[in-house]
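Hi everyone, thanks for coming. Today I'd like to walk you through a structure, starting with the whole chain and then zooming in on a few pieces.

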Amino acid sequence: MTVTPLGIPRRLLEFTIDDEKTRVPEGSTLLDACRAAGKDIPTLCHGDTLTPKSTCRICVVEVEGSRTLVPACSRKAEPGMAVRTDTARVRHSRRIVLELLASSTDLSTTPKAAEWIKKYEAKPDRFGPDAARPGEGPRVDNDLYVRDYGKCVLCYKCVDACGEQWQNSFAISVCGRGFDARIAVEHDGPLAESACVYCGNCIEVCPTGALSFRSEFDMRAAGTWDESAQTATATVCAHCEVGCTLTLHVQDNEIVKVTSPHDNPVTHGNLCNKGRFGHQHVQNRD
Amino acid sequence: MDLHFGAGGPTDDERAAVDELLGPPTSSWEGADRRDADLRWARGGRAARGRRHLLLPGLHAINDRVGWISAGALTYLCRRLTVPPAEAYGVATFYAMFSVEPRPATVLRVCTDLACAAAGASDLCAGIESRLGRGVQVERSACLGLCERAPAALAIKAGDPVRTAVSAPATVQEAVLAASSPDSAPEEPSPTTAVPQAGDPSLTLLRRVGVVDPSSLDDYRAHGGYAALRRAFELGPAGVIREVTDSGLVGRGGAAFPTGRTWQAVASQPDHPHHLVCNANESEPGAFKDRVIMEGDPYALVEAMTVAAYAIGAHRGHLYLRGEYSRAAHRMQHAVDQARARGLLGDDILGRGHAFDIEIRRGAGAYVCGEETALFRSLEGHRGEPREKPPFPGETGLFGRPTVANNVETLVNVLPILAMGAPAYAMIGTERSTGPKLFCVSGSVDRPGVYELPFGATLGEVLRLAGVRDGLRAVLLGGAAGSFVGPDELDIPLTFEGTREAGATLGSGVVMAFDDTVPLPRLLLRIAEFFRAESCGLCVPCRVGTVRQEEALHRIGERTGAAAADDIALLREVGRAMRDASACGLGQNAWNAVESAVDRLGMYG
């Protein structure tokens with residue numbers, strides 16, 4: 001039997017977005033409200049299954065009476081608020097955030113980054129050829145996944161997914177401070193010596209492709225990665241009796257990546273090591 | 001939580017340092033030898049995880065004993081506190097005073113920040129480096145809060161116990177002596193030397209500095225101490241809050257929020273326990289007033305915290321004291337111990353049934369921990385990163401409970417409010433900025449130090465009092481997060497509204513004077529370096545913006561006019577985004593000083 005959770009009925013709040021009246025259930029964020037009203041708000045560090053840390057600041061909007069802009073992803077809607085999503089001030093901050101990010105990070109595998117850079121007329125090259133970049137190469141230290149921190153925007157999603165919000169493995173954390181901050185396991189060592197259980201739930205939430213399947217990383221390097229040629233097959237993991245939902249991404253009759261739907265009310269897109277990576281037997285054709 | 005600990009244990013020294021803080025381990029789950037009983041009972045859960053807040057003191061214990069934090073020591077501390085090693089590593093690498101790489105036992109931190117830079121810190125540094133061998137690590141440091149005695153150096157020699165020595169004003173010879181044998185270095189001058197007005201009967205906040213013996217509770221009481229607490233008990237909690245509200249007291253840490261309102265908000269919260277936090281992480285370049293109060297009149301802060309706790313219904317107070325302030329920490333600890341021994345802290349203060357105690361927590365070198373939500377995270381044993389507000393601390397603060405976080409100066413103002421009554425206190429100063437205010441005056445003046453003046457005194461009056469030297473080129477108001485004003489603006493009234501109207505900021509009361517011998521572009525670059533180094537890295541505008549700001553100032557160098565115009569435009573755009581979109585005050589104010597130098601002083605024009 002499928003049960004649709006109804007929850008406690010919530011009061012509706014009324015406020016305005018871009019001068020238009022809107023009503024959302026109490027507890028909604030401004031991002032929820034803006035999206036419900038059909039506004040296009042870019043987000044990077046926001047994850048549909050995680051509590052936002054509001055680190056990227058690309059979703060900022062203007063709230064009347066607020067000295068600074070506010071991140072739509074974490075600010076809760078309040079009755080009587082006047083929210084503006086596309087003022088010059090908002091566009092300016094989004095443009096600069098994109099310029100700062102693109103000048104310090106490789107956004108080539110970040111979905112929509114190129115589109116936003118065009119939309120907000122960002123010019124990441126303006127900081128000159130000497131603009132500092134963390135300058136990290138990909139870390140390939142195991143067969144299952146790759147950590148390419150040159151593509152990392154420090155959104156904290158992998159840390160939250162690995163830690164108290166989902167996996168409770170606490171294998172990674174942010175270390176260092178400021179521009180030198182990095183995602184690392186203890187003592188910044190290799191994954192194999194860490195508390196990592198290879199569930200890959202960090203890959204599931206990574207918004208930039210900094211964390212990727214080894215298969216994807218190798219195929220990108222070989223120039224054979226082609227998302228348009230991939231199919232997605234929904235199935236159920238057969239490793240144990242829990243029966244998590246899997247989405248198998250297949251290219252040329254090979255499973256190249258495994259994800260899980262985030263709207264599954266039990267697993268919320270999380271899998272274990274077997275579900276995420278244990279699919280080679282399917283392809284054993286001998 | 002299934003924690004994974006790597007191989008490798010602590011050395012005997014490291015284990016002893018941790019055990020001295022936490023006591024010996026009670027089971028193999030905490031790192032003791034394994035017994036059969038341990039296999040039948042896993043000690044974990046909430047009680048074990050609830051000791052996370054001891055992580056920062058634990059890191060201090062190891063660092064103080066050995067000078068750095070090894071992988072084995074960190075692992076042992078993690079076992080003792082049930083903390084994931086990756087997170088502990090993230091915390092240890094967050095603070096400037098810790099190192100996870102081996103280093104010599106002695107670290108000499110030479111301040112190269114604004115006041116010290118103007119007093120020749122770079123020559124001092126070079127001289128020290130040429131004299132000291134490999135046994136001492138010399139580090140160029142952000143402001144050490146010793147601006148009245150610039151240039152300053154702080155030596156920390158790890159051991160049992162850890163020893164520190166301050167050399168200020170430092171010469172190469174004295175700094176080398178402090179680093180090579182901290183025990184035989186001359187004692188620091190009395191805090192009275194930082195208060196040129198000491199002994200002046202018109203003083204309110206500073207009246208006891210230099211007059212009382214800071215180690216003597218009796219002397220404090222003989223000079224009017226603990227009269228305010230007795231008055232508070234007469235008034236009752238609601239009465240105290242009413243007095244504070246009516247006095248018009250606003251926070252002196254920089255945000256200028258009405259203190260009575262925050263107290264009322266917490267006092268009326270049904271959620272318990274309530275917490276009191278005293279923010280003594282004074283790290284704004286140019287600020288040293290809190291240090292002078294804690295060194296010169298420590299019981300005043302103990303009494304003020306007791307009054308505040310009584311008013312808001314808190315039974316625990318946390319004094320978050322800047323890690324570099326070693327003398328202040330000793331004096332405060334002594335004062336707290338004495339007060340506890342005499343029944344002025346504890347379960348039944350003065351026999352009035354109110355229970356309150358103060359715990360002193362040392363910071364470890366992070367300016368951002370002056371931001372209240374970052375300070376809470378730091379106290380809780382996490383990286384000192386700020387979080388989004390709302391919810392505000394009055395609702396969700398330390399350990400998720402309603403919390404009042406006040407600066408040292410704000411709290412000690414409560415004593416005269418109760419002593420003289422709110423109406424008399426509100427008569428001091430101006431209508432919207434009431435009471436006395438402390439100013440930290442340093443730089444190009446003959447008598448640098450902390451000055452107390454009623455709100456409303458002009459910038460020129462403060463500078464004349466301190467003996468400003470000829471050839472004044474610029475004054476930095478409010479510290480690195482504040483703004484420059486020119487020598488033609490000395491009639492700015494030093495009130496919250498007056499500075500705001502003038503487009504400047506009072507901040508925490510920093511007044512730094514620079515004469516025309518100081519190269520301003522070099523100062524701006526130092527400010528930019530400061531923000532780059534102190535950004536916590538949480539949000540993009542600040543993490544990358546502070547770097548791009550520093551790079552642009554490097555590129556500009558000494559250039560002016562059209563040659564600098566492109567980079568000035570770029571600075572303006574990045575600065576605007578930092579101000580609008582950064583997560584906390586650090587990033588929001590990181591561009592203030594540069595902007596004011598361009599717009600008010602006409603730099604690079």
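I'll begin with the overall picture of chain B, then visit two helices and one loop residue.

One thing to keep in mind: this is a predicted model. Chain B contains 26 helices and 14 strands. If you lay its C-alpha trace along the principal axes, it spans about 80 × 60 × 50 Å. What radius of gyration does chain B have, and what would a compact globule have? With 605 residues, a compact globule would come out near 25 Å, and chain B has 24 Å, so the two agree.

Now, inside and outside. Of the 605 residues in chain B, 61% are buried. Among contacts with a separation of 6 or more, 71% join residues that sit 24 or more positions apart. On the outside, chain B exposes about 21,400 Å², and carbon and sulfur atoms supply 50% of that area. As for charge, there are 62 positive and 73 negative ones, and their mean positions lie 4 Å apart.

Let's zoom in on helix 4, residues 55-66 of chain B. At 1.5 Å a residue, its twelve residues should span 16 Å, and the end C-alpha atoms are indeed 16 Å apart, so the helix agrees with the expectation. How many of the twelve residues of helix 4 are buried? Eleven are, so to speak, under cover; among them are B:Leu55, B:Pro57, B:His60 and B:Arg65. And what covers them? The list includes helix 1 (12-22), helix 5 (71-81), helix 6 (85-92) and strand 6 (314-321) of chain B. Strand 8 (354-362) and helix 16 (372-379) also belong to that cover. Just after helix 4 comes B:Gly67, with a positive phi of about 100 degrees.

Next, a loop residue. B:Thr82 is found between helix 5 and helix 6 of chain B. Is B:Thr82 buried or partly exposed? Buried would need a relative accessible area under 20%, and B:Thr82 has 21%, so it counts as partly exposed. In space, B:Thr82 and B:Gly44 are 7.6 Å apart, C-alpha to C-alpha, although 38 residues separate them in sequence.

Last stop: helix 23, residues 540-556 of chain B. Its 17 residues reach 24 Å from the first C-alpha to the last, close to the 24 Å expected. Because 15 of those 17 residues are buried, helix 23 is largely enclosed by the rest of the structure. After helix 23 comes B:Gly557, whose phi is positive too, near 55 degrees.

That's my tour, thanks for listening!

How values were computed. Residues numbered from 1 in each chain as written. Chains lettered and ligands numbered in written order. Predicted model: local features only at pLDDT ≥ 70, side-chain atom pairs only at ≥ 80, totals over all residues. Heavy atoms only, no water. Helix = DSSP H or I, 4+ residues; strand = E, 2+ residues; numbered from the N terminus. Rg over C-alpha atoms; globule rule 2.2 N^0.38 Å. Buried < 20%, exposed > 50% of the residue type's maximum accessible area, 1.4 Å probe, protein only. Contact = heavy atoms within 4.5 Å. Areas by Shrake-Rupley, 256 points an atom, 1.4 Å probe, with all protein chains shown as cover. Lys, Arg positive; Asp, Glu negative; His and termini not counted. Charge placed at Lys NZ, Arg CZ, Asp CG, Glu CD. Expected span 1.5 Å × (residues − 1).
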